[in-house]
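Q: Could you take a close look at one part of this model for me, the central strand and its sheet, and then walk me outwards to what lies around it?

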Amino acid sequence: MTENRQIVFNNVSKFYGEVLGVNRVSFSLDPGITSLVGPNGSGKTTLMNLLTGLIKPTQGTVHVFGLTPNDPVHFYRLVGYCTQFDSFPPGVTGYNFIYWPLRLHGFPAEQAAKLTAEALDRAGMAQVAKRKIAGYSKGMRQRIRLAQSIAHHPSVLVLDEPLNGLDPMARAESIALFEALAKQGMHVIISSHILEEVDRISDRVVLMSSGYVVAEGQIREVRREVRDHPMQVLVRCSNAARLASAAFELDHVVEAKILADGQSVLVRTRDVEQFYLLLNKVVSTGLVDVDTVAPADDDVNSIYQYLIGSDGSPT
Amino acid sequence: MSAQNFLAQTQKNLKEQPWALYAGQVGVLVRYEVTRNLFSLRRVWVYFLAFIPVIFLIFRNLISRGHFDPAYIEEQTEGLAILVQIYYVRLAIFFACMGIFTWLIRGEIVQRTLHYQFLAPVRREVLIVGKFLAGAIVSIVLFEIAVLASFYLFYAHYGAAGRSYMFDGPGLGQLGSYLLVTALACLGFGSVFLALSLLFKNPIVPGAILLGWETLSPIFPSWAQHLSVTFYLKHLCPTTLATTGPLALFTVVAEPVAPWLAVFGLCCLALAVLILSCFLIRRTQIMYTAE
């Protein structure tokens, strides 16, 4: 086992017969929260199934910390996967659903019981653990799957649409849990349609469309690479008109729009670094006092719109 | 790589394997699967297959109470032979194993729960061995109890003559043979159905073909008869049943197999099919929508 703590996809393709799952995917992931974003059928779940060894690549290799699923004893101690499959062994209780897989991990009964209790507690399912899963609500089933995937303290947690079916409170708790796990140095890989929440918690993003990785990296880096769409910066200042006119003198500024409040300017620029330099200059002259400067479209939602489009097709 | 190097590498690999962990995992799987299979409403029909002759014999004994003539005790031996060799081996154990062993993996795919076991740090070969042992325990326990009860009910009501036949005569030998045949039938059919469930999405059709193969095997050439589970079992039975009906015209009498060879042959067959299952499970992928 190598010492690297990366997840590496190397030229990975997966075909289901003649149907493309993912094609020539190559990237590596460091610890933190990574979001897989893309429309339905873009290959997110295929990528997660490849990562966790539930399916095998048609070509290429996937390594997690230098390991592959061909070494299941070591590999699956590292990996926890909360799938989208909303199915459970018939008649199983929430407790046994977590306890028995832990016994398969090789944990002795006492330790398995302790880990089960801890996982149930973290997922907020301790109160209903003795009930049969067949009687759970959708949100509870989602959380019990999450509890099972984290019970053995994996280093890589893969979550396929983990926020589906959760009420706002449970969603907030789950997100807090993901953030806490990422802070502990874990890889947390999430696919989600809820872009606002993905944006808030993600360290990096992998954008997928029609089986291809359209872009990947830290959200701001990805945004800067999208050169077709000038970046938007919202500046709230004491003299919006003055700032707008200064901005217009720059070649790379495409638009400078004074907003309705009269104190904010929305600037669209092809070179945001140059614009920030200008802003520094303007501020140093003392003619304009700047309250806030905020990028207006370096979020996952904007990147998604620019690269994939609202209809889910790559632009 | 030379053969010597290959052998040395294989030996090294085998030594490095965490056998204690594997054994523990097999134990956990067996406990889990036995609980799920033995005490499940889904398995009521298997209980029915196993114990319907027992219920029939109980009624027979109740109805005919006091009218058992020791002169007919030898007829009971033939009755027991027909029950075990025709009903249990060719019908009840066959279909019970089809239900139990095909469901071990295929059932998990149908219920979309196989991924939970694939995501555990368990070698897939260990998974197969654990599930196979669980299926074997369930089927063997059920049918051994059924055969034991049938044996008792066939002879018990003959009083002293029955007891003498059972304990001083050939009774116990017959019982031992039938218990062995029952266990081997469960292992043989079980391994075949486990492999079929990995090879085919719907194992019912190949199961029906297998049933045809096993039924018609007496008319096959001698070498082909060796590929049948019932061929080996036939040579372990204490009573030979004559083939009757149209099939008798075409029966090919194969050279008899020594009992130890029959046991060994059947165990080899089960082992070979189990190894095949291990290869098949290694290439299995979780694609429920395609199933």
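A: Chain A of this predicted model comes in two pieces, domain 1 (7-224) and domain 2 (230-296). Taken over C-alpha atoms, the centres of domain 1 of chain A and domain 2 of chain A are separated by 41 Å.

Now for the strand to zoom in on: β6 of chain A, residues 156-160. Five of the five residues of β6(A) are buried, so the strand is largely enclosed by the rest of the structure. To see how that plays out, look at which way the side chains go. Val156(A), Val158(A) and Asp160(A) point one way from β6(A), while Leu157(A) and Leu159(A) point the other way. All of these residues are buried, Asp160(A) included. "Buried" here takes 20 or more other C-beta atoms within 10 Å of a residue's own.

Next, the neighbours of β6(A) in the sheet. On one hand there's strand β5 of chain A (residues 79-82), which pairs with β6(A) in the parallel sense over four bridges. If you want a spot to click on, Tyr81(A) has Val158(A) of β6(A) as its bridge partner. On the other hand there's strand β7 of chain A (residues 187-191), and its pairing with β6(A) is parallel too, over five bridges. Two partners to pick out there: Val156(A) is bridged to His187(A) in β7(A), and Leu159(A) is bridged to Ile190(A) in β7(A).

Zoom out a bit and you get the whole sheet, which is open, has six strands and runs in the order β5-β6-β7-β3-β8-β9 (chain A), with mixed pairing. β5 and β9 (212-218) of chain A sit at the edges with a single partner strand each, so one side of each has no neighbour in the sheet. From one strand to the next, the twist averages 15 degrees.

Helices come in against this sheet as well. Helix α5 of chain A (residues 138-150) packs on the sheet and touches β5 and β6 of chain A; the direction of α5(A) makes about 175 degrees with that of β5(A). Helix α6 of chain A (residues 168-183) lies across β3 (32-37), β6 and β7 of chain A, and α6(A) runs at about 145 degrees to β7(A). So β6(A) is touched by α5(A) and crossed by α6(A).

There's another sheet in chain A that's worth a look beside this one. It is an open sheet of three strands in the order β2-β1-β4 (chain A), and its pairing is antiparallel. The edges are taken by β2 (19-29) and β4 (59-64) of chain A, each with a single partner strand, so one side of each is left without a neighbour in the sheet. The twist in this sheet averages 20 degrees from one strand to the next. Strand β1 of chain A (residues 7-16) is joined to β2(A) by seven bridges, and the two run antiparallel. Within that pair, Val12(A) has Val25(A) in β2(A) as its bridge partner.

Chain B is built along other lines: 13 helices and zero strands. Its C-alpha atoms fill a box of roughly 70 × 45 × 35 Å along the principal axes. Of the 291 residues of chain B, 37% count as buried. Among contacts in chain B with a separation of 6 or more, 87% are between residues 24 or more positions apart.

For one helix pair in chain B, try α3 (residues 44-63) and α4 (residues 73-110), which pack at an angle of about 170 degrees with their axes 9 Å apart. α3(B) and α4(B) are therefore roughly antiparallel to each other. From α3(B), the residues that meet α4(B) are Val46(B), Leu49(B), Ala50(B) and Pro53(B). Across from them, α4(B) puts in residues including Leu83(B), Tyr87(B), Phe95(B), Gly99(B) and Ile100(B). By class, that contact has 10 nonpolar, one polar and no charged residues.

Last, the place where the chains meet. The contact takes 22 residues from chain B and 23 residues from chain A. On the chain B side, α2 (19-38) and α5 (114-118) each supply at least two residues, and α2(B) gives the most, with five residues. The residues of chain B that touch chain A divide into 14 nonpolar, six polar and two charged.

Conventions: Residues numbered from 1 in each chain as written. Chains lettered and ligands numbered in written order. Predicted model: local features only at pLDDT ≥ 70, side-chain atom pairs only at ≥ 80, totals over all residues. Contact = placed C-beta atoms within 7 Å. Nonpolar A, V, L, I, M, F, W, Y, C, P; charged D, E, K, R; others polar. Domains from an automatic or database assignment. Axes fitted to C-alpha atoms, helices over the stretch in contact; angles between N-to-C directions. Parallel < 35°, antiparallel > 145°, perpendicular 65-115°, else oblique. Pairing = 2+ DSSP bridges. Buried ≥ 20, exposed ≤ 12 C-beta atoms within 10 Å, placed from the backbone.
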